[in-house]
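Here is a short tour of one model, taken helix by helix and then through its empty spaces. Please keep the viewer open as you read.

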Amino acid sequence: MGKYLVASRSDDWSETLRNATQSGAIAAGTVSAAVAWAGIRDSGNAVAPVNATSHIVWGESAGAVDAVDAKHTLTGMALNAGACVFWATFYERWFGRAAERGDVGTALLGGAAVATAAYVTDYHLVPKRLTPGWEARISPRSLAAAYVVLALSLPLRGLLRSRR
């Protein structure tokens with residue numbers, strides 16, 4: 001398993017970034033759906049946690065916005081998508097080839113490792129202004145579930161490719 005955890009020097013960064021864009025898009029869609037569902041369950045509003053992410057740009061009042069609007073919703077979605085592509089880059093560099101080979105165990109372990117790093121970074125290392133802001137509108141349990149969804153979605157691109 002160790003040989004799958006570190007990319008070789010001959011790996012092509014353009015391939016990594018191309019794959020990360022695809023994996024990140026999958027992750028952004030699934031995580032956004034999970035957070036929206038959690039928003040309905042926890043605060044009665046699907047868009048509120050998405051809007052809360054825009055607090056990075058618009059300040060803490062963004063967490064109170066319950067309506068779909070370009071300022072908060074599009075900004076929140078764009079920030080989440082960018083973060084998902086960022087984390088997918090690490091996933092693809094270290095675990096993407098294992099997923100493409102159909103090594104489900106390593107692929108899932110990699111997803112869990114990267115999602116854990118994302119959570120620790122988001123909620124324990126960066127300033128509050130740079131957090132996803134979801135905690136303002138969803139429960140701690142739902143927050144954990146969002147990171148589980150991230151962990152499970154990162155391997156999808158490679159695992160689906162391995163079935164071709």
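## The buried side of H2

In H2, the buried residues (under 20% relative accessible area with a 1.4 Å probe, protein chains only; exposed is over 50%, partly exposed in between) are Thr16, Asn19, Ala20, Ser23, Gly24, Ala27, Ala28, Val31, Val35, Ala36, Ala38 and Gly39. H2 spans 13-43; helices here are DSSP runs (H or I, at least four residues; strands are E, at least two), numbered from the N terminus. The cover over these buried residues includes H3, H5, helix H7 (140-153) and helix H8 (156-162). Just after H2, Gly44 has a positive phi of about 75°.

This is a predicted model, in which local features need pLDDT of at least 70 and side-chain atom pairs count only at pLDDT 80 or more, while totals for chains, interfaces and linings use all residues. Residues are numbered from 1 along each chain as its sequence is written, and side-chain values use heavy atoms, with hydrogens and water left out.

## Thr16 and Arg137

Thr16 sits in helix H2 and counts as buried because its relative accessibility is 7%, below the 20% limit. Its contacts (heavy atoms within 4.5 Å), not counting residues up to four places away in sequence, are Thr89, Glu92 and Arg93. With Arg93 there is also a side-chain to side-chain polar contact at 3.3 Å. A polar contact is a pair of N or O atoms within 3.5 Å; within protein, one must be able to donate a hydrogen and the other to accept it, and residues adjacent in sequence count only if both atoms are side-chain atoms.

Is Arg137, in the loop between H6 and H7, buried or exposed? Arg137 is buried, at 15% relative accessible area. Its side chain reaches the backbone oxygen of Gly63 at 2.8 Å. Beyond four places in sequence, Arg137 touches Asp42, Ser43, Asn45, Ala48, Pro49, Ala52, Gly63, Ala64, Val65 and Asp66.

## The nonpolar core

The largest nonpolar core (buried Ala, Val, Leu, Ile, Met, Phe, Trp, Tyr and Cys residues joined through side-chain atoms within 4.5 Å) has 26 residues, of which Tyr91, Val114, Trp134, Leu143, Tyr147, Leu150 and Leu154 touch the most other members. H2, H5, helix H6 (104-125) and H7 each give it two or more residues. Leaving aside neighbours within four places in sequence, Tyr147 is in contact with Ala115, Ala118, Tyr119, Asp122, Tyr123, Pro132 and Trp134.

## Pocket and cavities

On a 1 Å grid over the protein atoms alone, a cavity is a set of points where a 1.4 Å probe fits but cannot get out, and a pocket is an open set with protein on both sides within 12 Å along at least five of seven lines; lining residues have an atom within 4 Å of a point. Points are joined across faces, edges and corners, and a volume is the space filled by probe spheres set on them.

The largest pocket holds about 340 Å³. Its lining has 19 residues, with Leu79, Ala83, Trp87, Asp122 and Pro132 closest to the centre. H5, H6 and H7 each give two or more lining residues, and H5 gives the most, 6.

There are 2 cavities of 30 Å³ or more. The second largest has about 40 Å³ of space and is lined by Ser32, Val35, Pro49, Val50, Thr53, Gly76, Asn80 and Trp134. H3 supplies the largest share of that lining, 3 residues.
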